[in-house]
Amino acid sequence: MLALPMGKYALTELISDILGVPVRENRKDALVRCPFHDDRHASLSIDLEQGWWICFACGARGGIQSLATRMGKVVNDADLALRVYEGSVGALVQEPTDYAELARELRANLHRSRPDDVVRFITERQLSPRVLRHFGLGWNGQAIAFPYYDDGEVFAVKYRAADGRKWAEQGSRRGIYNVNDVRFKPYVILCEGESDTLAVWSHLTDTYVSDIVDRIGVGGIPGVAGSRSTWEVWALDLLWAKQVFIAYDADEAGDTGSELPLAAVGEKGIRIRPTKGKDMTDHFLAGGTLNDFTALEDALSLA
């Protein structure tokens, strides 16, 4: 049986037992050598409070149970009955829910029923119909479903009804929307939400040749969410980018919300504000283009 953690952070000793090496508690997100490839540097980042881990060299990732399984260890329920702390009781550490099967059902339902609300959503925003397939959009009978794909898994499903109501499947995690397109791309555009992500992707793929499109990833973070620690983890998916354009809304919330991702990605981060409306969707509807942003125009010419 693995020992219960007694370190400064909730899972330090448990993770040390799983990896078989000491884990230093210099900060909440520890860096160690990845055991899943020939790692000459400390490439594996582990959240010592939540247990999520990712190797930004080989791409392996998961939670406590998957880490233990891959290392040939066993973690029982008592070991997992650890709560995130720092003055308040938090959630139990557990493996994230995979909504891949639900996403397939929602996608099939959309193509089967072809709801008017989805048609209006596409036409009113002048989106390419190709967004339905590319983003795997779905329909639950009341609202459009936006699955958050990560390779073969779906870590969140968000819903948007015609009257503007928004909600998510219980257990959905926060993260970069359309992260599969963002990872490994030399240029990345991050928007404020799913709709703007679809709008930028539509404009990009309808306007530019495939060689340029293949070098630019478009993603989104709904509600300019996150904290410094979560953005440090999300930024791992942006490590390969030469430039990251933060295309949040042209308002105080968008300006304030852009500060965290800009800090996380460092010098390669560039803030761009929509010039023909509050958000990127309005920008395109008013006749704006991606070339309206000088820094982005330069990147498009290099891509």
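In this predicted model, strand 11 and strand 12, the latter made of residues 269–271, run parallel and are joined by 3 bridges. Two of the facing positions can be picked out by name: Phe 245 stands opposite Ile 270 in strand 12, and Ile 246 stands opposite Arg 271 in that strand. Strand 11 also pairs with strand 9, residues 187–191, again in the parallel sense and here over 5 bridges. In this second pairing, Gln 243 of strand 11 is the bridge partner of Tyr 187. As a general point, the strands of a sheet pair through backbone hydrogen bonds, and the pairing may be either parallel or antiparallel.

These pairings belong to a wider arrangement, an open sheet of 4 strands that follow one another in the order 10-9-11-12, with parallel pairing. At its edges are strand 10, residues 216–220, and strand 12, each of which pairs on one side only. From one strand to the next, the twist averages 20°.

Is strand 11 largely enclosed or not, and why? Of its 5 residues, numbered 243–247, 4 are buried, and therefore the strand is largely enclosed by the rest of the structure. A residue counts as buried because its relative accessible area is under 20%. When looking along such a strand, it also helps to remember that in a regular strand the side chains alternate between the two faces of the sheet.

Helices lie across this sheet as well. Helix 14, residues 294–302, lies across strand 9, strand 10, strand 11 and strand 12, and it runs at about 140° to strand 11. Helix 8, which covers residues 194–207, lies across strand 9 and strand 10, and its direction makes an angle of about 160° with strand 10.

Away from the sheet, strand 1, residues 29–32, contains Asp 29. With a relative accessibility of 8%, Asp 29 counts as buried. Leaving aside residues up to four places away in sequence, Asp 29 touches Ser 45, Ile 46, Asp 47, Ser 229, Glu 232 and Val 233.

The structure also holds 1 cavity of 30 Å³ or more. The volume of the largest cavity is about 40 Å³, and the residues that line this space are Ile 54, Cys 55, Phe 56, Gly 59, Arg 61, Arg 183, Phe 184, Leu 236, Asp 237 and Trp 240. Sorted by character, the lining consists of 6 nonpolar residues, 1 polar residue and 3 charged residues.

Finally, two loop residues deserve a look for their backbone angles. Most residues other than glycine have a negative phi. Arg 114, however, has a phi near 45°, which is a positive value in a residue other than glycine, and Gln 126 likewise has a positive phi, near 55°. Arg 114 lies in the loop between helix 4, residues 100–113, and helix 5, residues 116–124, while Gln 126 is placed in the loop between helix 5 and helix 6, the latter spanning residues 131–134. Are these residues buried or exposed? Arg 114 counts as exposed because its relative accessibility is 64%, and Gln 126, with a relative accessible area of 58%, is exposed too.

How values were computed. Residues are numbered from 1 along each chain as its sequence is written. This is a predicted model: local features need pLDDT of at least 70, side-chain atom pairs count only at pLDDT 80 or more; totals for chains, interfaces and linings use all residues. Side-chain values use heavy atoms; hydrogens and water are left out. Buried means under 20% relative accessible area, exposed over 50%, partly exposed in between (1.4 Å probe, protein chains only). Two strands pair if DSSP finds at least two bridges between them. On a 1 Å grid over the protein atoms alone, a cavity is a set of points where a 1.4 Å probe fits but cannot get out, and a pocket is an open set with protein on both sides within 12 Å along at least five of seven lines; lining residues have an atom within 4 Å of a point. Grid points are joined across faces, edges and corners, and a volume is the space filled by probe spheres set on the points. Ala, Val, Leu, Ile, Met, Phe, Trp, Tyr, Cys and Pro count as nonpolar, Asp, Glu, Lys and Arg as charged, and the others, Gly among them, as polar. Axes are lines fitted to C-alpha atoms, for helices over the stretch in contact, and angles run from 0 to 180 degrees between N-to-C directions. Contact means heavy atoms within 4.5 Å.
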